[in-house]
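Reader: I am new to this one, could you put it up and walk me through it?
Author: Gladly, here it is.

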Amino acid sequence: MATYRSPMDTYGVLSAAGRGEELEEPAAPGDPSGREAMRRGLALVRAYAREDAAAVAAALDGADRAAARQLPFVAGDILRLVVGIVMSGPRTLTPADVVRTADTIAAAGPPHHELAVSQAVRAWADGGGADLRAWWPDGAAAAHGAAVLAAALAVRAWGRGPFLGLLETFDEVADACDRGGYAASGLRTSTR
């Protein structure tokens with residue numbers, strides 16, 4: 001997943017740039033800290049989808065500074081992917097469904113983020129993108145918030161098993177890329 005600078009939209013995370021603060025350049029996707037952030041971001045979303053508090057903590061424990069700075073971008077990328085897929089299909093869930101699921105999922109996170117994440121999801125469900133920005137004041141909160149919202153949307157729309165299967169596929173692609181780049185992963189690199 002590519003990382004990039006962008007202020008939060010209605011579906012993403014609030015970066016420092018969105019609050020008028022200076023952001024450091026994101027690591028390149030092939031950079032070791034970028035790969036670590038991608039793996040930790042996937043692990044964070046997976047941990048919330050499983051409602052596994054120990055795995056939520058483990059996804060963040062020991063992250064180097066560069067990877068920790070990337071986590072909000074990675075979680076935001078996963079969230080944007082989930083939103084894009086969910087919104088492109090038939091609308092079978094309501095914002096209230098997502099809020100209920102997010103409240104349950106958020107309980108797996110650190111207590112000091114749980115309330116803010118739950119309130120941010122409610123703001124998102126009410127269509128209050130501007131309000132959502134205020135609930136995620138730092139990178140860690142943004143990573144937790146995006147991970148919870150991504151997991152809640154996906155679990156509610158597709159079910160826990162299918163979403164966890166999708167995350168496993170992402171892990172397999174990341175492993176293949178680590179072993180030898182896109183050519184070894186079997187991904188098409190040309191349009192011919």
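**Helix 4 and the core**

Author: Let us start inside helix 4, where Asp97, Val98, Val99, Thr101, Ala102, Ile105 and Ala106 are buried; please keep in mind that this is a predicted model.

Reader: OK, and what covers the buried residues of helix 4?
Author: Their cover includes helix 1, which runs over residues 32-50, together with helix 5 at 111-125 and helix 7 at 139-158.

Reader: How far apart are the end C-alpha atoms of helix 4?
Author: They lie 16 Å apart, and this agrees with the expected span, because 12 residues (95-106) at 1.5 Å a residue should also cover 16 Å.

Reader: Switching topic, how many helices and strands does the protein chain have?
Author: The chain has eight helices and zero strands, so its pattern along the sequence reads α-α-α-α-α-α-α-α, with helices defined as DSSP runs.

Reader: And which residues have the most contacts inside the largest nonpolar core?
Author: Those are Tyr48, Val82, Val98, Leu153 and Phe163, in a core of 45 residues. At least two core residues each come from helix 1, helix 2 (53-60), helix 3 (65-88), helix 4, helix 5, helix 7 and helix 8 (160-185), and helix 7 gives the largest share, with 11 residues.

Reader: What is Val82 in contact with, leaving aside its neighbours within four places in sequence?
Author: Val82 then touches Ala150, Leu153, Ala154, Trp158 and Phe163.

Reader: Last one, what share of the protein chain counts as buried?
Author: Of its 192 residues, 43% count as buried, while the chain exposes about 9,300 Å², of which carbon and sulfur atoms supply 55%.

Note on methods: Residues are numbered from 1 along each chain as its sequence is written. This is a predicted model: local features need pLDDT of at least 70, side-chain atom pairs count only at pLDDT 80 or more; totals for chains, interfaces and linings use all residues. Side-chain values use heavy atoms; hydrogens and water are left out. Helices (H or I, at least four residues) and strands (E, at least two) are DSSP runs, numbered from the N terminus. Buried means under 20% relative accessible area, exposed over 50%, partly exposed in between (1.4 Å probe, protein chains only). Accessible areas come from the Shrake-Rupley method with a 1.4 Å probe; for residues, only the protein chains shown count as cover. The expected span of a helix is 1.5 Å times one less than its number of residues. Contact means heavy atoms within 4.5 Å. A nonpolar core is a set of buried Ala, Val, Leu, Ile, Met, Phe, Trp, Tyr and Cys residues joined through side-chain atoms within 4.5 Å.
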